[in-house]
Each structure stands twice: as structure tokens, then as C-alpha cells.
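Good morning, everyone, and thank you for making time for this. I would like to walk through one model slowly, beginning in the middle of a sheet and working outward from there.

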Amino acid sequence: SRYFTIHDHPQGLPDRELFKLEESDLPELQDGEVRIRNTWLSVDPYMRGRMDGVTTYIEPFELGKPLEGAAVGEVIESRDSRFKEGDKVRHMGGWRDIAQLPGNQVESLPDFDVPEQAYLGVLGMPGTTAWVGLNIIAEIKEGDNVLVSAASGAVGSLAVQLAKAKGGTVVGIAGDQKKLDWLESKGIKAVSYKGKDARQLSEDIKNACPEGFDVYYENVGGDCLEAALNNLKVGARIAVCGMISRYNDEGPSAGPSNLAMILIRRARMQGFIVFDHWQHHTDFINEFGPKVAKGEIDYQETVEEGLEKTPDAFLKLFEGGNQGKMLVKL
Ligand code: NDP
């Protein structure tokens, strides 16, 4: 098996050299275990936090041990009666070509008429996150105006479409023209944050939706949060999904200077972790699997080819090098 490790905790944005591709023979398959040839690997922003060596809501990566992450693949050998050779499965043994895991950490892919990698994106953890953030945390209602940051990413691109279906004005913040164009093609008003300070961004958001927002779906933090706070309606709800602009900060992060807007607008701001709400995943895919299969939900992918490219794919998340879900195809 070939797999990636790190041998040090990164400071700031990790160097490409942090990631070591290693190789070792797998032990003989034990009773209850499954061996899987991975076909697609997911790289996700939260993995940066696991590199710091501290436990947050999830254990840190162990130095020198194979990194982990969501993956889909095909069973090549099974000593668990629930799986047989050829089964398509999802599991957390990513960042490697061959995974060997206890069967209870492996799940069969549902059989909606979608490409298997959709279960790492729109029908996987990121898709479920978009749904949970809007419905459970922000309690979105018909006609709500919704602002979404990192709006063309894996989570954001579904969040804007789910929000749009509620009928209000939806504004998406994103980095480059291709992403803005995609958003506009979905009927979403698109605002770029590039080269702007919080005050300028706040003005541009206001121009896109002068009435303000009932919901802010937060993926970025920093200036996006500051600009969003200036544009809340009274009683707004903020679902804090992520703050990717801060994940590589080396010192304390500057907070928004206008947190008092929470008070002035009587707003509620709540963080969440999708796995606390994983009981909704099955209902989510049963509702959205058919819609994705019929093309009623649009999703995009950015694909790097080959296991060697996994760290590059991961690092691109922090420079906006992905549109939709960032994936590695093996
Ligand atoms: P994305 O597909 O959205 O990829 C990350 C995107 O973030 C980039 O493409 C880039 O888009 C944007 N970005 C990166 N750095 C910055 C920056 N400094 N300022 C502004 N934008 C930036 O990733 P995901 O959809 O997987 O994740 C989105 C967010 O959701 C993350 O914050 C992640 O941590 C969070 N998350 C939280 C979960 C939870 O349970 N709470 C679960 C899953 C994800 P652009 O070109 O627009 O800059």
C-alpha cells in the first residue's frame, strides 16, 4: 500500500514537502476486515486542523501514520460477510491507494444513478453539511434572503441552490470570474471578495441585496464575516460552518471589528459540526440522490489525477484552486 504521512506539525500554510509518500506491505487480512482499492479520494479543509496535533472535535493525525480522509473504492478482498469482491464502498481510509479496515468502518454506496465520487461531494459529507447548516442551524424559511461565502465550493455550491429553492434573494461570495459566472448561471447574485477590504466587500454585498439577509451561511470568516455582519436583517441567523480564511493563521486571528451587529440586529450565530447531525444523512441522500441523478441539482468537481497529487489537491483548497468538490482520482 502507498500512503501519505506527515512527520511534523505545519506552521501556517503547509509546504508541499511536509507530505511524504511512503510504502509498506499490508498485513494479512484478519477476520472482519475488508481490503479496498481506492478509486477516489476526498481532500477537505478540516484536514488542516487535524495536522496541528491537538484534539478539537476530532483526533489529530498521528505523525508518521497514514493520513485519513473520505474515499470511495472497490472491495478487492473481504473477510466480512457483508462485503464481497467488487462492492463499491465509502470509508475514511483515504490518502492511500489500498485501504484495509474493519468492515464496521465501511459502508456500501447507495445505488442512485450518479458517478461514485458524488458520494464524496454533493451526496456525501459536504452536501449533508450544506443541508444541515441551512435547515437545522439557520432554520431557513420560504422567501429568506441568504448570503453564502465560498459559494462555489463543495458545501457552498449546494447551499446556494438549496437557498435559491426557498425563493428569496441569494448572494454568493467567491474568488474568481469562472466561479462568479457559474453562480450567475444558477440565478445567484455573485460578489467577488478579491482585492477588497471588509468595507468595500460590505458595500458590494449591499448593492447586490439592499434589503439585507435573513441567513448568512459562513464558510470563510475574516473580512467575509465582517462584511456579512453589516448586512444582516433584524433576527438574522448565521450558521457558522467553517472559517477557511483562518485555518493557516500563525498568530491570533483578528476578529471582525463589528461583532456588535449581532446585538444591533438581534441576530443568532451558531457553529455546528455535521457529524453531530449525521442522522439526517440518509434522509438527505434519499431526497437529493434522485434530484442529482436527474440533473436538478448541479454540482461541479475539480479533479487531480494520481495518488501523488493528493497534497497538491489539498493545498489548492486554500488558494481557491477548486470549483465545486476537490477530488483525487486514482
Ligand atoms: P470548498 O470546496 O469551498 O473549498 C474551499 C474554498 O474556500 C476555496 O475554493 C476558496 O474559494 C475558498 N477560500 C479559501 N481560502 C479563502 C480565503 N482566505 N478567503 C476567502 N475564501 C477562501 O471547501 P468545502 O466546501 O469542503 O468547505 C467549505 C467550508 O465548510 C470550509 O470552511 C470547511 O471547513 C467547512 N466545512 C464544515 C463542516 C462542518 O461540519 N462544520 C463540514 C464540511 C466543511 P474562492 O475561490 O471563492 O476563494
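**Starting from strand E11**

Let me begin with strand E11, which is joined to strand E12, residues 232–240, by five bridges, with the two strands running parallel. Before I go further, please keep in mind that this is a predicted model.

To place that pairing residue by residue, you can look at Phe 213, whose bridge partner in E12 is Leu 232, and then at Tyr 216, whose partner in E12 is Ile 238. Between these two strands the chain passes through helix H6, residues 223–229, and E11, H6 and E12 together make a β-α-β unit that is right-handed.

E11 also pairs with strand E8, residues 146–148, through three bridges, and here too the strands run parallel. One pair to find on your screen is Val 146, which has Val 215 in E11 as its bridge partner.

Is E11, residues 213–218, mostly covered or mostly open? It is mostly covered, since six of its six residues count as buried.

If we now step to E12, we find that it is joined to strand E13, residues 268–271, by four bridges, again in parallel. In that pairing, Ala 239 stands opposite Gln 270 of E13. As a general point for those new to strands, side chains in a regular strand alternate between the two faces of the sheet.

Now let me turn to the ligand. Which residues come nearest to it? Of the 31 residues around the ligand, the nearest are Gly 153, Gly 175, Gly 242, Ser 245 and Gly 320. Two elements give two or more residues to this shell, namely helix H2, residues 125–137, and helix H3, residues 154–164. Of the elements, H3 gives the most, with three residues.

H3 deserves a closer look. Ten of its eleven residues are buried, so this helix is largely enclosed by the rest of the structure. The buried ones include Ala 154, Val 155, Leu 158 and Leu 162. What do the buried residues of H3 pack against? They pack against H2, E8, strand E9 (170–174), helix H4 (177–185), E11 and strand E15 (325–329), and you will recognise E8 and E11 from the parallel pairing that I described at the start.

Finally, let me step back to the whole protein, which has nine helices and 15 strands. Its radius of gyration is 20 Å, close to the 20 Å that the globule rule gives for 330 residues, so the protein is as compact as a globular protein of that length. Along the principal axes, its C-alpha atoms fill a box of roughly 65 × 45 × 30 Å. Of the 330 residues, 44% count as buried, and among contacts between residues at least 6 apart in sequence, 67% join residues at least 24 apart.

As for annotation, an unreviewed UniProt entry places the feature "domain: Enoyl reductase (ER)" at residues 12–328. Over that stretch the chain is 25% helix and 23% strand, while the end C-alpha atoms are 23 Å apart.

Definitions and conventions: Residues numbered from 1 in each chain as written. Predicted model: local features only at pLDDT ≥ 70, side-chain atom pairs only at ≥ 80, totals over all residues. UniProt positions renumbered as here; feature names shortened; annotations may be inferred. Rg over C-alpha atoms; globule rule 2.2 N^0.38 Å. Buried ≥ 20, exposed ≤ 12 C-beta atoms within 10 Å, placed from the backbone. Contact = placed C-beta atoms within 7 Å. Pairing = 2+ DSSP bridges. Right-handed = clockwise from strand over helix to strand, strands pointing away. Near = placed C-beta within 6 Å.
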